[in-house]
Amino acid sequence: MEAADIAWVMAAFALVSLMFPGLAFLYGGVMGRNYTLNMFMMVMSSVGVTAVVYVLYGHGLVLGDSLGGLGIIGNPTELLGFSPMTSDDGGGGTIWGAFYVLFAAISVALVASGAAGRMKFSAWMVFVVLWVTFVYAPLGHWVFAISDEAAGYIGGWMINVLEFHDFAGGTAVHMNAGAAGLALALVLGARRNQNVRPHSLPLTLLGAGLLAAGWFGFNGGTAGGANFLAEYVIMTSLLALAGGMLGYIFVERMRDGHFTLLGLSTGMIAGLVGITPSADAVGPVGALLVGFLSAAAACWATGLKRLWNIDDTADVFAVHGVSGIVGVLFVMLVGNPDAPAGVAGVLRGGDPGMLWRDPLAIVVTLAFSFGMTWLLATIVDKTMGIRISAEEEEAGIDASIHAESAYSDSGARPSLLSNRTATTK
């Protein structure tokens, strides 16, 4: 990589790092005031735990040479301890390694939506280790590990065998997190009080804005350098964001009779999710449509959790799972052959094989993520317990588990006793 390309990826890395406080603010704002710090803790701790897992063996699982040449999982010993990062390979390998840490961390942080206000923090920490190892790493290998025949390197089956197009992680990050959040919510069960309303919509908008800024680095950095592709995907990301905010509040107005700031903020994120797999495969008008349709579908899907009484508190399945599906299907049907990826949708004369390959990738991603997450969460529940007590939930998880309060008048009174109690949770 040229110096300018490495500099851009480093700048993109800095933008992506903003996504963590952004997600914390977004999730914290949509929760009740006594749940705010717990969401901050769950999101931010994801970075610390994921970094340890990824450095020790996770990088090899994702990008190591596929074990047995099967395309299922990388060799965990190949990049053990981030060993290649101590020398300059001339290709920006060190900053790319750091970039991949954030990709993994934001994926698991999104899953916190399904655990809001009721999961033991100690159980969450253990769950993050297991989830990154057994759910994110295989999916990351399937999608991000591109084979290199000349070097004798074999990557993941989805990107290489299925030839599935996913620009920046619509499957491994967003659909994965959406299905996992749903599974975790089902294992935990609903909160005892689901009537808690968002306590700070300005905080939510701030979080959405920081996430959007980070997304330009997320998608733009995936372009691999300071080039036209980076320009292009930043442009399509912006247009999808615009289409998303309009699509969500349009459906919201038709369904509920109101335009809301929460809907506009949610629509921004849904539009960005939809463009993540398709940013290099649609034109400007297509980007607007991807954003609009992704957010409209997400808004519709939020009603399902009420119908089925699933407490996915911050709607990670609707916003990330459903919107990610829409983005992939849009490319399959009407991908623009003039866009940088050169992928023509089936309705534009593209390969009819996409009609089975793309749905297969979607179904496998959702089924694997949901099934494995449900299994891991159940194991954690049976071994150490996953949910806080009814008394702790009634008191509010911030006070009872973390012995802190986001607001001085919220009733939390930290004490030596509460601090000792919190350390056991």
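Phe330 is found in helix α12 of this predicted model. With a relative accessible area of 11%, Phe330 falls under the 20% limit and is therefore classed as buried. Residues up to four places away in sequence aside, Phe330 touches Val282, Gly286, Leu289, Val290, Leu293 and Gly335. A further relation in space links Phe330 to Ser278: the two are 52 residues apart in sequence, yet their C-alpha atoms are 7.8 Å apart.

Helix α12 spans residues 316-334 and also holds Ser323. The relative accessible area of Ser323 is 0%, so this residue is buried. Its contacts, leaving aside neighbours within four places in sequence, are Ala270, Val273, Gly274, Ser294, Ala298 and Ala318. One of these partners, Ser294, lies in helix α11, which covers residues 284-308. Ser294 is likewise buried, because its relative accessible area is 0%. Seen from Ser294, the contacts beyond four places in sequence are Ala270, Gly274, Ser323, Val326 and Gly327. Ala270 and Gly274 thus appear in the contact list of Ser323 and in that of Ser294.

The next topic is the packing of α10 against α8. Two packed helices are described by the angle between their axes and the distance between the axes. Helix α8, residues 201-222, packs with α10 at an angle of about 15 degrees, and the axes are 9 Å apart. Angles under 35 degrees count as roughly parallel, so α8 and α10 are roughly parallel to each other. Their crossing is left-handed. On the α8 side the contact is made by Leu201, Thr204, Leu205, Ala208, Gly209, Leu211, Ala212, Trp215 and Asn219. On the α10 side it involves Leu261, Leu262, Ser265, Met268, Ile269, Leu272, Val273 and Ile275. Val273 of α10 is also among the contacts of Ser323.

The loop between α9 (228-256) and α10 (261-275) contains His258. Apart from neighbours within four places in sequence, His258 is in contact with Glu252 and Arg253. The C-alpha atoms of His258 and Asn193 are separated by 25 Å, and these residues are 65 residues apart along the chain.

Trp215, named above in the α8 contact, also leads to the aromatic residues. A search of the whole structure finds 15 aromatic pairs. One of them joins Trp96 and Phe99, whose ring centres are 5.4 Å apart with 50 degrees between the planes, a tilted arrangement. Both residues lie in helix α4 (residues 93-110), three residues apart, about one turn of the helix. Phe99 is buried, since its relative accessible area is 2%. Ring pairs link Trp96, Phe99, Tyr100, Phe103, Phe144, Trp215 and Phe218 into a cluster.

Phe218 connects this cluster with the largest nonpolar core. In soluble globular proteins, nonpolar side chains tend to be buried together. The largest nonpolar core here has 112 residues, of which Leu23, Tyr27, Met119, Trp124, Trp131, Leu184 and Phe218 touch the most other members. Helix α5 (residues 121-144) gives the most to this core, with 14 residues. A second, separate core of five residues includes Ala281, Val331, Met332 and Met354. As for Phe218 itself, its contacts beyond four places in sequence are Val16, Met19, Phe99, Phe103, Ile106, Ala168, Val173 and Thr276. Among them, Phe99 and Phe103 are also members of the aromatic cluster.

Methods:
Residues numbered from 1 in each chain as written. Predicted model: local features only at pLDDT ≥ 70, side-chain atom pairs only at ≥ 80, totals over all residues. Heavy atoms only, no water. Phe/Tyr/Trp six-rings, centres within 6.5 Å; stacked < 30°, edge-to-face > 60°. Helix = DSSP H or I, 4+ residues; strand = E, 2+ residues; numbered from the N terminus. Buried < 20%, exposed > 50% of the residue type's maximum accessible area, 1.4 Å probe, protein only. Core = buried A, V, L, I, M, F, W, Y, C linked by side-chain atoms within 4.5 Å. Contact = heavy atoms within 4.5 Å. Axes fitted to C-alpha atoms, helices over the stretch in contact; angles between N-to-C directions. Parallel < 35°, antiparallel > 145°, perpendicular 65-115°, else oblique. Left-handed = near helix turned anticlockwise from the far one by under 90°.
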